[in-house]
Amino acid sequence: MGRSTAVLKWLLLAGAVYFLGVSVAHMAGAKVPLLFVYFSVPSHAYQDRIISFLSFGWSVFLFTAAIDPVKNRDLVKAVLIAGLAAVFGLHVINSVTDFRSLSPDAHPAAFRLETFGLSVYVGALVFFYYLSKKENANR
């Protein structure tokens with residue numbers, strides 16, 4: 001396995017662990033920053049549970065893609081497309097939502113920072129996906 005493919009594999013595994021943590025935090029209702037993007041905005045238990053099982057799905061897809069990123073290239077590509085759409089959606093939410101009207105304790109700057117971090121992660125996945133693809137085309 002080449003270096004870029006190995007980095008891609010570890011990034012996918014890290015994402016699987018992260019989204020498993022997001023899933024557990026949302027199921028438990030533990031509003032932990034980084035595991036809850038909108039940690040200081042009120043939410044209902046049913047919303048948190050929906051996010052929990054959707055995050056669990058992300059974890060499963062990322063883990064499955066990480067098993068063999070070369071053989072699972074189509075799944076990795078699907079994860080990238082969905083990830084790009086997700087961070088785009090979070091940026092839109094951050095741009096159009098008046099979080100202070102939902103809670104005076106809201107931390108919009110923290111929400112933007114967390115979304116930026118997720119964007120960097122997805123960007124790294126895209127970057128190493130293409131490097132891996134190029135690396136494996138030469139073999």
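The following conversation goes through a predicted model of one protein chain, from its helices to a few single residues.

Reader: What makes up the protein chain in terms of helices and strands?

Author: There are five helices and zero strands, and from the N terminus on the elements run α-α-α-α-α. The C-alpha trace spans about 55 × 25 × 20 Å along its principal axes.

Reader: Why is S132 called buried or exposed?

Author: A residue counts as buried when its relative accessible area is under 20%, and S132 has a relative accessible area of 0%, so S132 is buried. S132 lies in helix α5, and, leaving aside its neighbours within four places in sequence, it is in contact with S4, T5, L8 and R73.

Reader: How do you know whether T5, which is in helix α1, is buried or exposed?

Author: The reasoning uses the cut-off of under 20% for a buried residue: the relative accessible area of T5 is 2%, and therefore T5 is buried. Beyond its neighbours within four places in sequence, T5 is in contact with P69, V70, S132, E135 and N136. The C-alpha atoms of T5 and K133 are separated by 8.1 Å, although these two residues are 128 residues apart along the chain.

Reader: What makes P69 count as buried or exposed, and where is P69 found?

Author: P69 is found in the loop between α2 and α3. Its relative accessibility is 1%, and because buried means under 20%, P69 counts as buried. Apart from its neighbours within four places in sequence, P69 is in contact with T5, L8, K9, L12 and V76. From C-alpha to C-alpha, P69 and T5 are 7.0 Å apart in space, while in sequence they are 64 residues apart.

Reader: Why is L34 called buried or exposed?

Author: For this residue the cut-off that matters is the one for exposed, which is over 50%; L34 has a relative accessibility of 56%, so L34 counts as exposed. L34 lies in the loop between α1 and α2, and it has a positive phi of about 85° although it is not a glycine.

Reader: How many residues are in the protein chain, and what share of them is buried?

Author: Buried residues make up 37% of the 139 residues in the protein chain. As for the outside, the chain exposes about 8,000 Å², and carbon and sulfur atoms supply 71% of that area.

Reader: What share of the contacts between residues at least 6 apart in sequence joins residues at least 24 apart?

Author: A contact requires heavy atoms within 4.5 Å, and among the contacts between residues at least 6 apart in sequence, 73% join residues at least 24 apart. The contact of T5 with P69 is one between residues 64 apart in sequence.

Reader: Which residues are closest to the centre of the largest pocket, and how many residues line it?

Author: The largest pocket holds about 670 Å³ of space. Its lining has 32 residues, and those closest to the centre are V22, V37, I51, S55 and L90. A residue counts as lining when it has an atom within 4 Å of a point of the pocket. The helices α1 (3-28), α2 (45-67), α3 (73-96) and α5 (108-137) each supply at least two residues of this lining, and the largest share, eight residues, comes from α3.

Reader: How many positive and negative side chains are there?

Author: The protein chain has 12 positive and 7 negative side chains, and the centres of the two sets lie 10 Å apart.

Note on methods:
Residues numbered from 1 in each chain as written. Predicted model: local features only at pLDDT ≥ 70, side-chain atom pairs only at ≥ 80, totals over all residues. Heavy atoms only, no water. Helix = DSSP H or I, 4+ residues; strand = E, 2+ residues; numbered from the N terminus. Buried < 20%, exposed > 50% of the residue type's maximum accessible area, 1.4 Å probe, protein only. Areas by Shrake-Rupley, 256 points an atom, 1.4 Å probe, with all protein chains shown as cover. Lys, Arg positive; Asp, Glu negative; His and termini not counted. Charge placed at Lys NZ, Arg CZ, Asp CG, Glu CD. 1 Å grid on protein atoms, 1.4 Å probe; cavity = no way out; pocket = protein on both sides within 12 Å on 5 of 7 lines; lining within 4 Å. Points joined across faces, edges and corners; volume = space filled by probe spheres on them.
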